[in-house]
Structure formats: structure tokens, C-alpha cells
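Okay, thanks for coming, everyone. Let's put the model up and walk through a few spots together.

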Amino acid sequence: MLRITELRLPLDHPEDALRHAVVRRLGVADADLLAFTVFRRAYDARKKSAILLIYTIDCEVRDEAAVLAAHPGDPHLKPAPDTRYRFVGHAPADCHAPERPRPLVVGFGPCGIFAALLLAQMGLRPIVLERGKEVRQRTKDTWGLWRQGVLNPDSNVQFGEGGAGTFSDGKLWSQISDPRHLTRKVLTEFVKAGAPEEILFVSKPHIGTFRLVSMVEKMRADIVALGGEIRFGQQVTDVLLEPEGEGLRMRGVTLASGEELRADHVVLALGHSARDTFAMLHGRGVYMEAKPFSVGFRIEHPQGVIDRARFGPNAGNPILGAADYKLVHHAKNGRSVYSFCMCPGGTVVAATSEPERVVTNGMSQYSRNERNANAGIVVGISPQDYRQDGAAGGPVHPLDGMQFQRIWESRAYELGEGGYVAPGQLVGDFVKKQRSRVLGAVQPSYKPGVRMTDLAQPGRESLPVYALDAIREAIPAFERQIAGFAMADAVLTGVETRTSSPLRITRNRQYESLNVRGLYPAGEGAGYAGGIMSAGVDGIEVAEAVARSILGLPADSSPHAVGPSVLQAI
Ligand SMILES: Cc1cc2nc3c(=O)[nH]c(=O)nc-3n(C[C@H](O)[C@H](O)[C@H](O)COP(=O)(O)OP(=O)(O)OC[C@H]3O[C@@H](n4cnc5c(N)ncnc54)[C@H](O)[C@@H]3O)c2cc1C
């Protein structure tokens, strides 16, 4: 198999132009091209009137060696890499002896799903413990907050089957380095579960909420069919640890019901909102540290404004779909402001998991045909920014970031005047430092509703002043990249605080907690992922580490053995 990269064709090329271009690029007769598939399709929209599609093509030819010999040193024509997934091992028959405790996976978001799926595929019969409900019931509870302003703290946007990724845009790209092609394994499993096949080749694939719901159910059924077990409504409230050498050893967990489950291998795939569980783990002495994250607002524009700014006369072309953007600005006060989790044609959602707090995020359906584009506009902050003890340096308490998030989420609830209404302001007023009273041309999509206010009112600021200043400076700078971005009627809604985990449950090269053997912190909550894809990949790598330990295989010695430690802006 050969791979051609950087094959450029006009946006509206006829279907057979691709085959002709491949044949021409290979320099072979048409009959010698036996088959080809699109591995990736991206676009180059720098010249709006002449947008190009950029293909990566895998092809089978009659005489591969001859084609390669005819293109010596060509960086865009090479043997295709082998992207097939290979398991590290499989359980022998005696692995299921009743006296051997089964591995536990805590949390059934993308990380827990992939950890459990891989363990099940390797014959290791995991037990999954998920505090929330199965996805259909959870959907009802989540809509309960959006439609009636009623929050269920155990079943919401953050908690329940599918994790935080279920009510999302389902963007499936990531910036992790992926030498083992594990993202391919994740995408392939998603397609098996019902995702559209195009996610395997478009450069920025997305699924949308409706499809994610049925995919999650299908993956659950696969895990169960392979001998795994999935228990909903089972919150882990304690860990059973024994001293071992200088550190501790995992022996099991306690559930909210009081039931104890024995286990020597526990994957903790908690997500970034498991605040009570983080506090419990800290109390039990599990090593963790404060880490940077970001805070800001959601911004909404009419999708048409973004489409025209990005695609000019090609706005609306179905191959391009609804336009996205990715923006960064380095403000004079030293802060970086960037767009986060941009959702074309989507809606802003209420994403709190705690009573009397307001948190925003964004989601969309596969069609991405809602009238507004939304994105987080967030400012990076460090542990020194959010330390709660007032000291000027030294280590920051690992739970301080969580406390800081709570302060601003409660403030947002107050500014919204209750009922989970979010505070909002028109962009024009925010830049001019004046209170907004009425909406303009943009209808905000956040439910249960938005109350117009002054997000930067002195003494009642919705975010720290340095963050407000940096965002105020960034908006005109973003206008220079996306015409219309600073439109006066665009709406800011606050606050966006759950951009990533405020702490890291640090692990060693065997993916175990630094001081607890048998405990495998994983995914976004542990600080090792920043989106659906990276959480899924981390779940795979952690499942492999668990399998190596259970099956007595040598530890992974690859340089990636500590996982994708990224603070990823999706
Ligand atoms: C509205 C929204 C939109 C998003 N859009 C995108 C997007 O388009 N693309 C993208 O890549 N990312 C997106 N994200 C981020 C993405 O969802 C997360 O990065 C991803 O879900 C992290 O996966 P995870 O498995 O590590 O954690 P989570 O998905 O958060 O899952 C953790 C699970 O653990 C469970 N849990 C927690 N504590 C316990 C306990 N003590 N006992 C038992 N169970 C417990 C929770 O109930 C939860 O189900 C979005 C997030 C939100 C909220």
C-alpha cells in the first residue's frame, strides 16, 4: 500500500477527477491503479474564492517497488504506515478464576468506555462503576435542567453514561502525538458503533449529540457481550488502600451504598467535574498536584457571519459545512486568550453538576444547522493565580483550582439571579464597559435563559479582572482574523470554568498513581486528556498497562508510556 499526501484539487472537482489526479501523481497507467481510499480530506481556505481540498490517499498499485523507485526521496509518496491495532495480550482461560478480583473502571465517559472496551476485548472482564444513569434516562435529567431549571447532581451534562462527551459537538480531533495510531482504533470503534464512516477520513470529524447517544449504548452492549459488567448509579465514595513499602497498594473501593468491591487494579476515569471524589482521594493520601486550566465566557455569533468570514463566496458549500475557527491572542497583561471547543451551528448549554452554580459549554447535532456559532473565549490561568492561601509562592494546594472554579460559578449564578439563568452581555457593551439591558440581533441559545447584565461590574465581576481585561483586548484582535467577530450584538454568556481538570493525579511510567500501586488515574479528570479523542486514547493505553500487570507482561518501554499529557484546546 502506498500513501500520497498533499494532493490538492479544487473544492468543486468532479468525482472522477480524484482518480485521474492519483494516476497522474503516481505516474502509472490507469489500469495499474488497483484500488484507492481517502485516508484524510482537509481544506485550504486561505484564498476564499479558490478553496482547495487536500487529500491523503492510500493506494494499491500493480508494481509498488517500481512506483517508489520512480519517485526517490519524494516526501509526499511513501509506503503507507500500518495503522492496525495490536493487543498487548489476551487473558488465558484460568484468568477468570473466582479468587482473582476483576479490574474495576470508575467512570463511563470516553476514557472509561475505551478502557473497559479494551479490557473486555483482551478477555479481562472489567466491572464498570458509573455514578450517573444510563444514557436515555440521563438525557431526560439533563433536559430537566435546560427546560425546567431542575438540576440532578448525579445525572447531568457531566455525569452519566457517555460522560461529559455525550451532550457535545462530538468533535473528534486532537493534538496528541500518536505514533501508534491509537486515534485510528478509537475512530474505528466509533464507526463500528454507528458513527458515520466519514469520520475516518475528514480532517475535522464530528458526530453530534443524537448519534453519540446510540453509539454509547452500542459500545456498552459490546463490553457486556465480551463478559464485562456495567453498573449505573454506583458512585465510588472511598478507596481501600493498604500500606506497601514507601507507598500504598489498591485493594478495592467502597460505593455510596456501603458495598465494598475488592480489586487490585482500579482505573479512575472520573472526568474533570468529580470534585467530591477528588477531595476523597486527596484525603486518603493519593498524590495529586494543582495544574493550569482556563476560564472565560461563551461567545455567540450568527453562523452566517462566521461562514462568510471564513469561506467568502463558498459559504454554504456542503463539503465545507458550517465554518469553525481557532483563535489566539497574547494580551498586554501577559495572558493568552484563545477560542475553546468551538461549536459551529450549535447551542450553548448549562453544564453545571453542582446546585446553585452556573457553567457554560457548547454542543451541536450532526447537521450543525442551528442559527448560531458558539465558542469558549478563555484565558489561561496557573496555580499561582488561583491559590487560596494568599501566599506568594511555593506549592499550591491541589484542590485550590476546584475552589476557584466554584467561586466564579456561584458568582455567575448570583448574576443570573437564580434558576440556572446565565449572566450575559453584548460584545459591544462589554468592550465599551457598559451594562447590557436588551438583546440585539443575536438570540442567545443557552437554556433556561440569559439575563443581560454587566459581566465586569466593579466589585461584582464575573471573572478575575485580569481575565476580563485580556478578553476585552482580544475581541478586536480576533475581528482582524474573522470579520464580524467583534459585532456589537454578539453575545457573551458566562462562565466557562470547566475547560479541563484543575488538578493532575500524577502517574508513573506504568500509568499507576505515583504513590498507589494498582490505581490507574486516567483521562481528563486525572489531567491526561483534553477531549473525547485524547480521553479515548488514554483509556486504551491505561487498559494496556492494566493488562500488562494482570498478565505478567513486561512494562511498556516506549517514550509515550506516560500518556498524552496535554492541556488540549479543542
Ligand atoms: C457540553 C460539552 C461539550 C464538549 N464537546 C466536546 C467536543 O466536541 N469534542 C471533544 O473532544 N470534547 C468535548 N468535550 C470534552 C469531553 O467531553 C471530555 O474531554 C471527555 O468527555 C473526557 O472524558 P473522560 O472519560 O476523561 O471523562 P468524562 O467524560 O467526564 O467521564 C467521567 C465519568 O466518570 C463518572 N464519575 C465521576 N466520579 C465518579 C465516581 N466517584 N464514581 C463513579 N463514577 C464517577 C461521571 O459520572 C462521568 O460519567 C465537551 C464537554 C462538554 C461538557
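So, how many bridges join β14 to strand β15? Three, and the two strands run antiparallel. Strands here are DSSP E runs of at least two residues, helices are H or I runs of at least four, and both are numbered from the N terminus. Two strands pair if DSSP finds at least two bridges between them.

Quick housekeeping: this is a predicted model, with local features needing pLDDT of at least 70 and side-chain atom pairs counting only at pLDDT 80 or more, while totals for chains, interfaces and linings use all residues. Residues are numbered from 1 along each chain as its sequence is written, and side-chain values use heavy atoms, with hydrogens and water left out.

Back to the sheet. It's an open one with seven strands, ordered β14-β15-β18-β13-β21-β19-β20, and the pairing is mixed. β14 (328–330) and β20 (450–452) are at the edges with a single partner strand each, so one side of each has no neighbour in the sheet. In β14, histidine 330 sits opposite serine 336 of β15.

Now over to α5, residues 182–192. Its axis and that of α13 (residues 532–551) come within 9 Å and cross at roughly 105°; axes are lines fitted to C-alpha atoms, for helices over the stretch in contact, and angles between N-to-C directions run from 0 to 180 degrees. The two helices are therefore roughly perpendicular, a label that covers 65 to 115 degrees. On the α5 side, the contact includes Leu182, Val186 and Phe190; on the α13 side, Ile532, Met533 and Ile540 are among the residues. Contact means heavy atoms within 4.5 Å.

How much of α5 is buried? Eight of its eleven residues, with buried meaning under 20% relative accessible area (1.4 Å probe, protein chains only). Arg184, Lys185 and Glu189 are among those buried. The cover includes β2 (33–44), α3 (110–121), α6 (209–225) and α13. After the helix comes glycine 194, with a positive phi near 115°.

Another buried charge: glutamate 512, in the loop between β22 (503–504) and β23 (516–517). It counts as buried at 5% relative accessibility, and its contacts include Arg507, Arg517 and Tyr520.

Last, cysteines. The disulfide count is zero, taking a disulfide as two cysteine sulfur atoms within 2.5 Å. For cysteine 343, the nearest cysteine sulfur belongs to cysteine 341, 4.3 Å away. Cysteine 343 is buried, at 0% relative accessible area, and cysteine 59 is buried at 0% too.

Definitions and conventions. Angles under 35 degrees count as roughly parallel, over 145 as roughly antiparallel, 65 to 115 as roughly perpendicular and the rest as oblique. Buried means under 20% relative accessible area, exposed over 50%, partly exposed in between (1.4 Å probe, protein chains only). Lists of a residue's contacts leave out its neighbours within four places in sequence.
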